[in-house]
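Take a look at the fold below before reading on. Keep the sequence at hand as well.

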Amino acid sequence: MPFLLSSPAFSDGSPIPGKYTREGENLSPPLRWSGAPAGTRSYALVVEDPDAPNRVFRHWGLFNIPADRERLPESIETGPEASHVTPVANDFGNTQYDGPEPPAGGGVHHYHFHLGALDVPNLDIPAQAGMEALWAEARKHTLAEAELVGTYER
């Protein structure tokens with residue numbers, strides 16, 4: 001069974017609804033996954049926009065997601081499950097989800113949600129380390145990676 005990531009809010013390759021953008025309510029979308037490989041002990045999540053004008057722009061990072069999880073609820077940062085994950089600073093400088101907000105008239109941007117199934121229960125990095133450091137450390141322990149892509153245009 002392949003390792004798959006999906007969202008009940010949008011399908012792969014489809015537009016991300018406005019409430020999950022910085023122009024809307026800026027809520028993190030609900031996510032679900034299945035098919036994690038044997039030996040998975042935690043998960044790490046990174047959301048990035050490779051279509052940003054100057055570089056890949058990272059919008060959200062979570063790690064130390066427990067291995068028994070198969071979903072993240074909408075707006076996990078504000079709900080009772082927030083204590084079950086560790087956020088990392090995004091490229092806005094926030095340790096929370098910050099949704100799409102591409103430059104107006106810049107065309108369609110693609111937001112890649114990468115979920116890594118890891119062979120360790122925890123990654124020992126500070127939240128201020130940033131998402132690039134998170135993903136570099138996660139990659140050392142990745143058993144499998146699932147991806148979901150949403151789009152957004154202003």
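What follows goes from the sheet to the helix, and then to a single histidine.

This is a predicted model. Start with the sheet. It is open and built from 6 strands, with mixed pairing. Their order is 2-9-8-4-5-7. At the edges sit strand 2 (14-15) and strand 7 (86-87), and each of these pairs on one side only. Strands of a sheet pair through backbone hydrogen bonds, which may be parallel or antiparallel in arrangement. Strand 4 and strand 8 run antiparallel, joined by 7 bridges. Within this pairing, Ala44 stands opposite Gly116 of strand 8.

Now turn to helix 1, which spans residues 131-139. Which of its residues are buried? They are Met131, Leu134, Trp135 and Ala138. Viewed down the axis of helix 1, these buried residues fall within an arc of 90 degrees, so they line one face of the helix. An α-helix has 3.6 residues a turn, so residues three or four places apart point the same way. What covers the buried residues of helix 1? The cover includes strand 4 (42-49), strand 5 (57-66), strand 8 (109-118) and strand 9 (142-152).

Finally, find His114 in strand 8. Is His114 buried or exposed? Its relative accessibility is 8%, and the cut-off for buried is under 20%, so His114 counts as buried. The side chain of His114 makes a polar contact with the side chain of Glu145, at 2.7 Å. His114 also touches Trp135, one of the buried residues of helix 1. Other residues that His114 touches include Ala44, Leu45, Val46 and Glu48, along with Ala146 and Glu147.

Definitions and conventions: Residues numbered from 1 in each chain as written. Predicted model: local features only at pLDDT ≥ 70, side-chain atom pairs only at ≥ 80, totals over all residues. Heavy atoms only, no water. Buried < 20%, exposed > 50% of the residue type's maximum accessible area, 1.4 Å probe, protein only. Helix = DSSP H or I, 4+ residues; strand = E, 2+ residues; numbered from the N terminus. Arc of directions from axis to C-beta. Contact = heavy atoms within 4.5 Å. Pairing = 2+ DSSP bridges. Polar contact = N/O pair within 3.5 Å; in protein donor to acceptor, adjacent residues only side chain to side chain.
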